[in-house]
Amino acid sequence: EPSDATDTTPIVIALHGRGARADSFARLTEGLRLPLRFIVGRGPLPWGSTGGRQWFGARKSAPFEGIEDRVDELGTLVEQLQVRYPGSPKPILLGFSQGAMLAMQAVAATPERYGGVVALSGSMPRPKAGKVTSIPVPMLLTAGRFDTIVTPESTQAAASRLTELGHSPEVILFDGAHSVARELLPRIRVFLSDPP
C-alpha cells in the first residue's frame, strides 16, 4: 500500500491463478505502481510440488468444487475490510485465470459488495448462479485469442452471462495465449484508478 494510505484509500483484492503463489502475483500488483491498497490473496489448497496454490477444485473429477466456499469467504473478507477501512470505496477484484473465475463468480453472486472487476483470462464455472442487479458493476475482461486453457469463447460466454445479470462487461481480446498481456497493463491501470 502507499506510504500515505488512509482509511479512504481504494482497495484491490488480487487473486492469483491455479499453481501460482501469492508472492509472485504481488509482483504484478507492485508493478502497476498505483496509489491503491492491494490485498493479495493466497489460495487455500496446495497445487503441484513447487509450492503452488489453488482456490478450488482439489479433485480432478470435480474441477470447480469449493468455488462457492471461496465466494463466501471473499464476502467475509469484504465485511472485515469495511470495518477496518470504513472510508474506502467498495473493493475491486483483480484476478487471473482461476482467480478471474472466482472474481466473476463472486460479483455474479453478490454484486452489491464490489466496486469493479478485472478478470484476466477467466470464465464463469457456474454460469447459472448469480442474481440480476439494477446497479451494474464495472468489469474489464481480457482473453488471449490463442488461449487453449481458458478459451476466448468461454470468456465471451461469461461476458454474455454477466450482461444477462445486468452488468456491462468490456471484453478485450489480445494476440496471445494464457497470460497477463503486458500490452494491456496501461488499460488495467486506468480501470483500477478510475472504474467506469
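**Group meeting: a walk through the predicted model**

Leaving aside the neighbours within four places in sequence, Thr-29 is in contact with Ala-14, Phe-38, Val-40 and Leu-94. I start with this residue, and I should say straight away that what we have in front of us is a predicted model, so please hear every value today as computed from that model. Thr-29 sits in helix H1, which runs over residues 22-32, and with a relative accessible area of 5% the residue is buried, because anything under 20% is counted that way. What does the polar side chain of Thr-29 have beside it? A polar atom of that side chain lies 2.7 Å from the backbone oxygen of Ala-26.

If we follow the chain out of H1, we come to Arg-33, which lies in the loop between H1 and strand E2, residues 37-40. Is Arg-33 buried or exposed? Its relative accessible area is 73%, and since the cut-off for exposed is over 50%, Arg-33 is classed as exposed. The backbone of Arg-33 also deserves a look, for its phi is near 50°, a positive value in a residue other than glycine.

There is a second residue with a positive phi that I would like to show, and that is Ser-97, where phi is near 55°, again in a residue other than glycine. Ser-97 lies in the loop between strand E5, residues 92-96, and helix H3, residues 98-109. In contrast to the exposed Arg-33, Ser-97 is buried, with a relative accessible area of 10%.

Ser-97 brings us to the largest pocket, since this serine is among the residues that lie nearest the pocket's centre, together with Arg-18, Met-101, Ile-149 and Val-150. The lining comprises 14 residues, and the space in this pocket comes to about 280 Å³. How do the residues of the lining divide by character? Seven are nonpolar, six are polar and one is charged. Because Arg counts as charged, and the lining has one charged residue, that residue is Arg-18.

From Ser-97 we can step across to Leu-120, which is 23 residues away in sequence but 6.2 Å away in space, C-alpha to C-alpha. Leu-120 belongs to strand E6, residues 116-120, and it is buried, with a relative accessible area of 2%. Not counting residues up to four places away in sequence, Leu-120 touches Leu-94, Gly-95, Phe-96, Ser-97, Ala-100, Thr-142, Val-180 and Ile-188. Leu-94 is worth keeping in mind here, as it is also in contact with Thr-29, where we began.

Ala-100, another of those partners of Leu-120, lies in helix H3 and is buried, at 0% relative accessibility. With residues up to four places away in sequence left out, Ala-100 touches Gly-95, Ala-119, Leu-120, Ser-121 and Gly-122. For a distance in another direction, the C-alpha atoms of Ala-100 and Leu-74, which are 26 residues apart along the chain, are separated by 13 Å.

Further along helix H3 we find Val-107, and this valine is likewise buried, with a relative accessible area of 0%. Which residues does Val-107 touch, if those up to four places away in sequence are not counted? They are Leu-93, Tyr-114, Val-117, Val-137, Met-139 and His-167. The C-alpha atoms of Val-107 and Leu-162, 55 residues apart along the chain, are separated by 9.0 Å.

Two remaining items, beginning with the aromatic residues. The structure holds one aromatic pair. Phe-56 and Phe-64 form this pair, which is tilted, with 6.3 Å centre to centre and 55° between the planes. The two partners are not equally accessible, for Phe-56 is buried at 1% relative accessibility, whereas Phe-64, at 29%, is partly exposed.

The other item is Pro-86, in the loop between helix H2, residues 67-84, and E5. Pro-86 is exposed, with a relative accessible area of 58%. Pro-86 and Thr-8 are 78 residues apart in sequence, yet their C-alpha atoms are 7.3 Å apart in space.

Definitions and conventions: Residues numbered from 1 in each chain as written. Predicted model: local features only at pLDDT ≥ 70, side-chain atom pairs only at ≥ 80, totals over all residues. Heavy atoms only, no water. 1 Å grid on protein atoms, 1.4 Å probe; cavity = no way out; pocket = protein on both sides within 12 Å on 5 of 7 lines; lining within 4 Å. Points joined across faces, edges and corners; volume = space filled by probe spheres on them. Helix = DSSP H or I, 4+ residues; strand = E, 2+ residues; numbered from the N terminus. Buried < 20%, exposed > 50% of the residue type's maximum accessible area, 1.4 Å probe, protein only. Polar contact = N/O pair within 3.5 Å; in protein donor to acceptor, adjacent residues only side chain to side chain. Contact = heavy atoms within 4.5 Å. Phe/Tyr/Trp six-rings, centres within 6.5 Å; stacked < 30°, edge-to-face > 60°.
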